[in-house]
Amino acid sequence: MNDIETLNSLVDKYKGLKAEIGKVIVGQDAAVDSLLVSIFTGGHCLLVGVPGLAKTLMVNTLSRALGLDFSRIQFTPDLMPSDITGSEILDESRRFQFVKGPVFANIVLADEINRTPPKTQAALLEAMQEKSVTVSGKSYQLPAPFFVLATQNPIEQEGTYPLPEAQLDRFMLNIRMDYPSFNEELDIVKTTTIDTHPDVHVVLTADEILHHQQVIRKMPVPDNVCEYAVRLVGSTRVDTLSRSKPADNGNATIAQRYISWGAGPRASQYLVMGAKTHAAFQGKYSPDIEDVRAVATEVLRHRIVRNYYAEAEGITTDAIIAQLIEQA
């Protein structure tokens, strides 16, 4: 199968995945789309939403439809790095043997990742970036494909440890899950309060996912699309001098008025890669500017730090990004 045929087949696979996930998950179409963009791009996701929005169930259902190994780690204040990566134990023959931790899975759900101390959070850094872990000086490769999908509760701050910027930047997308509509919640209640167990069929295998990732990466990108992505990310940045100036200057840019720190080059890379995957889902052979805009908010949301003026005026990060998208 050549690359064109692979891209054509991806459209059907995408629809099939949506259908299988839809057997279990009611609504949340935007979140499902974003998860699939992340999966086929090879990135990691941060899912932010109040309890009860089926974040865990969504990730579990996704892993079943993709035929991938799934592992769930419940992050708590007493969780240790070895509880994630694994550790060496002394076996019956008096030799040290490495016992793999739950990170050795295709899809790892890091549930409530901000409830564990930074030392344990950092245990995921190497795994997310290098797709490997190091224990006692030995490196162990993680299975391919490998994705970390982490969840956070946005309303409980007591007893939490906010993720540092270095950790946040490892996540490709920051997906916010909203409450379902009245009709969607009605369907949820009707389908989950009876004795039903929907069968989720495998749509893709691990090897097929890796092949699709390679083909998507080879998709050509027009120069104007790359330039738009880089220009958009550049518009979030404020130089050191302007950061110390008042924000009420009528000629000030959006970044000067509302942003303390902007996004780095990894955001530009994810914008282009996300646009490729979004375009492939729509049956296109090359992304355009609209595809960049489609993924821009979730790529930039956790990479922009608002300043005092934005917080005082109640300007949200999403509102800032929306203005930047229009002006880029």
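These are my notebook entries on a predicted model, written as I looked things up one by one.

**Entry 1: the nonpolar cores**

I began with the inside of the protein. A general point helped me here: in soluble globular proteins, nonpolar side chains tend to be buried together. The largest nonpolar core in this model holds 69 residues. I looked up which residues have the most contacts inside that core, and they are Phe40, Leu66 and Leu271. Helix H13, residues 265-281, gives the largest share of this core, with eight residues. I also found a second, separate core of 27 residues, and Leu79, Val108, Ala123 and Leu124 are among them.

Next I picked Leu66 and asked: which residues does Leu66 touch, not counting those up to four places away in sequence? My list reads Leu17, Ile39, Ile107, Val202, Leu204, Thr205, Ala206 and Ile209.

**Entry 2: Ala229 in helix H10**

I moved on to Ala229, which sits in helix H10, residues 223-234. Is Ala229 buried or exposed? Ala229 has a relative accessible area of 1%, and the cut-off for buried is under 20%, so I wrote it down as buried. Apart from neighbours within four places in sequence, Ala229 contacts Ser268, Leu271, Val272 and Val292. I noted that Leu271 had already come up as one of the residues with the most contacts inside the largest core. I also checked a distance: Ala229 and Ile304 are 75 residues apart in sequence, and their C-alpha atoms are 15 Å apart in space.

**Entry 3: helix H6 and what follows it**

Which residues of H6 are buried? I found Ala123, Leu124, Ala127 and Met128. These residues are on the same side of H6, because they cover an arc of only 105 degrees around the axis. I then looked up their partners: the buried residues of H6 pack against helix H4 (82-85), E5, H5, E6, E8 and helix H7 (165-168). Two of the residues on this list, Ala123 and Leu124, also belong to the second core.

After H6 comes Lys131, with a positive phi near 60 degrees. Lys131 is in the loop between helix H6 (123-130) and strand E6 (132-135). Its relative accessible area is 28%, so Lys131 counts as partly exposed.

**Entry 4: unusual backbone spots**

I reminded myself that most residues other than glycine have a negative phi, and most peptide bonds are trans. With that in mind, I kept a short list of exceptions.

- Glu112 has a phi near 55 degrees, which is positive, and it is not a glycine. Glu112 lies in the loop between strand E5 (107-111) and helix H5 (118-121). With a relative accessible area of 23%, Glu112 is partly exposed.
- The peptide bond from Ala144 to Pro145 is cis, with omega near -5 degrees. Pro145 is in the loop between strand E7 (138-141) and strand E8 (147-152).
- Arg94 takes a positive phi near 65 degrees in the hairpin of E3 and E4.

**Entry 5: the hairpin of E3 and E4**

Arg94 made me look at that hairpin again. Strand E3 (residues 86-90) and strand E4 (residues 96-100) pair in the antiparallel sense over five bridges. The hairpin has five residues between the strands. Which residue in E4 stands opposite Ile89? It is Gln97.

**Entry 6: Met172 and Asn174**

Met172 is in the loop between H7 and E9. At 0% relative accessibility, Met172 is buried. I wrote out its contacts beyond four places in sequence: Val37, Ser38, Thr41, Gly43, His44, Tyr270, Gly274, Glu298, Val299, His302 and Arg303. Met172 and Leu46 are 126 residues apart along the chain, but their C-alpha atoms are separated by 8.0 Å.

Asn174 lies in strand E9, residues 173-176. Asn174 is buried too, at 8% relative accessibility. Leaving aside neighbours within four places, Asn174 contacts Leu46, Val48, Glu298, Arg301 and His302. I saw Glu298 and His302 in the contacts of Met172 and again in those of Asn174.

**Entry 7: cysteines**

My last look was at the cysteines. A disulfide is a covalent bond between the sulfur atoms of two cysteines. How many disulfides does the model have? I counted zero, taking sulfur atoms within 2.5 Å as the rule. I noted Cys45 as buried, at 0% relative accessibility, and Cys226 as partly exposed, at 29%.

How values were computed:
Residues numbered from 1 in each chain as written. Predicted model: local features only at pLDDT ≥ 70, side-chain atom pairs only at ≥ 80, totals over all residues. Heavy atoms only, no water. Core = buried A, V, L, I, M, F, W, Y, C linked by side-chain atoms within 4.5 Å. Buried < 20%, exposed > 50% of the residue type's maximum accessible area, 1.4 Å probe, protein only. Helix = DSSP H or I, 4+ residues; strand = E, 2+ residues; numbered from the N terminus. Contact = heavy atoms within 4.5 Å. Arc of directions from axis to C-beta. Pairing = 2+ DSSP bridges.
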